Amino acid sequence: MDRVRSGLRGLRQRFRGQGNPTVTKIRRQRALRERLWKGLPFIRLLLFTVGYIWLLVIPSPRFGQGTYIDENALQPGQVNTYWDWDDVHNADRILADLEQLRDRNASSDEIARYAVSQFEGYGIPARTQRYSFDTVTETIKGTNAYAVLQSPRASGSEAIVISASWLSRTGEGDGTLNLRGVATLLALANYLKEYSLWAKDLVFVMSDGYLDGMQAWVTTYHGEPQPNLKAESLSLQSGVIWTALNIDYPGHSFSHVGLFFDGLNGRLPNQDLLNSVSLISRYTAGIPVLVYDHIDPREDHSQPSLLPSWLPDLLKQNSDVQEFASRARNIYRSMNYQARGAASGVHGLFHQFRIDAITLFAVPAAGPHGFHALGRALESSLRTCNNLLERLHASFFFYLLVGPGTFMKIGSYLPSAVLIGTAMLFTGLGEWIRAGWADALSAPIDGGDDDKSEKAHAEQRREGPMWRRRPRPVLEPVGIMVLTHALGVVLFYAVSSSWFAASKISGPVLYLLFSAIPLVVIRAVPSVPPSHASIPSVLKAFNLCFASAVVSITSVLNFSLAATLAVFLALPLSFASTSPSSSPSSRLAKYTAYTALALGWLVLFPGEVQKAVWNWEVLRVWFAPFVCVVYVPLVLQAGLVCLLPP
């Protein structure tokens with residue numbers, strides 16, 4: 001027993017060290033901090049490398065899993081469908097009427113009145129709704145038509161929306177008409193009213209235009225005020241809308257049904273709705289399903305290859321490489337919609353009111369499908385939505401749909417952006433620590449004459465490296481950050497003005513102006529004593545920490561936007577630096593490069609800028625103000641880090 005006790009005492013002394021335990025503890029903590037500080041560059045490099053590689057391998061076939069139904073009440077595809085050729089003939093008759101309206105260039109009012117007359121002829125109450133949006137470039141006017149088929153088996157407190165816009169989403173609303181989609185909507189209303197099995201109201205909406213008509217209708221339905229919208233009130237009302245299906249059928253016939261699901265500001269519908277419609281389309285209606293309108297070249301050899309021509313044939317024929325390319329195309333398009341906050345169809349306008357909605361897009365082709373197959377898919381999908389006892393909640397709201405039957409959970413892709421944000425945070429904290437400490441051998445020692453300073457330096461050299469604290473200026477860097485973000489607010493009001501939309505030189509003028517304003521502002525920045533940390537070092541620390549917070553928080557709300565920020569911000573902000581040996585011309589050249597990264601879109605993409613402003617004015621998409629008020633100031637701050645004297 002004595003030997004055991006002595007052995008335990010020896011172990012305790014070995015781990016705790018000799019002498020005062022408190023002193024030993026302090027030494028251990030200091031040694032740990034020194035090791036962490038020395039290893040910080042390696043940690044940052046590791047986080048950046050893993051984060052960027054993770055982003056690149058997201059389309060890998062090794063990631064993802066098969067889709068499945070979480071909500072047992074849905075029971076997709078478990079009913080018989082009765083949509084038949086008589087209903088197809090009715091849709092053909094309506095299509096002929098719509099083509100006549102198109103050929104004589106009928107007004108929005110005439111088209112809406114025709115739809116109302118059809119609804120009322122079926123015995124369904126219907127009304128029109130006139131609206132107008134005032135934008136900086138134009139006044140958008142139109143007329144919607146809608147009808148409410150009240151549920152015979154419930155109180156009407158819940159509803160399902162079936163919609164079709166006058167313009168198709170083809171070319172993002174380039175003017176292609178959605179005549180067959182509208183004809184399907186009207187014929188479907190006539191068919192569905194014959195059945196008394198509906199537990200929810202069915203609301204049919206034929207919206208004018210592409211996105212503007214449905215935005216006017218859905219905001220008015222929910223009583224959501226919008227300053228630039230003037231719309232007639234809805235005299236027909238129903239209950240809370242749970243789900244919505246939008247029909248987009250622009251061609252004569254179609255080969256596949258494409259599922260469009262992205263909503264405003266990166267919102268997504270519950271995945272159970274997508275999975276149910278996908279299963280029904282494939283197994284009930286016999287229609288192949290696509291993500292968007294992407295036909296896989298492996299199924300249709302007439303489609304162009306997704307792989308570059310210079311790639312070796314051995315890789316081109318590899319099934320994993322082909323699957324990677326197919327997934328990458330779907331992910332890129334999905335991230336493009338979500339990062340810009342744009343809706344991929346009319347359905348996306350419902351998501352802002354917590355309504356699960358998707359668009360069924362009939363991919364134009366020579367065949368073999370038409371009204372018959374689409375009607376069966378819609379009937380069974382509506383029967384499935386009719387089974388719901390509560391809002392969809394069991395499945396995922398955050399996911400990447402990489403294929404018609406394959407998806408990625410949020411935990412499979414979210415860490416990539418979080419790792420990059422963490423690397424930015426560590427870089428910023430490292431800059432903050434570096435700014436607060438100075439090498440006592442190189443930093444000036446306040447007080448005393450030169451002889452005493454030389455003696456002090458000689459003594460420090462004999463004792464080893466020594467560090468001393470130095471004050472860090474805080475107000476000046478914070479003031480610069482506040483001013484740059486205020487400048488971003490001014491930039492946003494400038495790009496959303498009528499002058500910017502009307503003038504062809506507005507982009508270059510704003511680029512030069514907002515690049516030059518910081519040059520004037522920094523002249524008012526006071527200089528700090530040599531014994532203090534430099535303003536650029538503290539500004540870089542604050543800039544990186546704030547950018548890290550933006551990326552990390554945004555990754556949970558809108559992963560695609562966070563990933564885009566990680567690509568465009570992480571490395572440029574981390575590499576921003578200045579040194580005493582750099583000349584004014586080299587610092588100005590670095591600043592010019594950062595202004596190009598921050599403001600180059602004003603010159604290079606004027607059309608995209610106008611689209612983003614239109615989306616903000618009409619659809620309340622936050623992408624344009626986010627870029628101007630958050631992204632541009634962060635990059636300009638990094639440019640000022642390079643420009644300010646060290």
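Trp37 is partly exposed, with a relative accessible area of 34%, where buried denotes under 20%, exposed over 50% and partly exposed the range in between, for a 1.4 Å probe and protein chains only. The structure is a predicted model, in which local features need pLDDT of at least 70 and side-chain atom pairs count only at pLDDT 80 or more, while totals for chains, interfaces and linings use all residues. Residues are numbered from 1 along each chain as its sequence is written, and side-chain values use heavy atoms, with hydrogens and water left out.

Trp37 is found in helix α2 (residues 21-56), helices being DSSP runs of H or I with at least four residues, numbered from the N terminus.

In the interior, the largest nonpolar core (buried Ala, Val, Leu, Ile, Met, Phe, Trp, Tyr and Cys residues joined through side-chain atoms within 4.5 Å) has 111 residues, of which Leu98, Phe204, Trp217, Phe261, Phe350 and Ile358 touch the most other members. Helix α5 (residues 179-192) gives the most to this core, namely 10 residues. Leu487, Phe514, Ile535 and Tyr594 are among the 74 residues of a second, separate core.

The largest pocket (on a 1 Å grid over the protein atoms alone, an open set of points where a 1.4 Å probe fits, with protein on both sides within 12 Å along at least five of seven lines) has a volume of about 1200 Å³, taken as the space filled by probe spheres set on the points. Its lining, made of residues with an atom within 4 Å of a point, comprises 37 residues, and Asn336, Ala339, Thr564, Phe568 and Phe623 are the closest to the centre. Helix α9 provides the largest share of this lining, eight residues, and α2 is one of the helices that each supply at least two.
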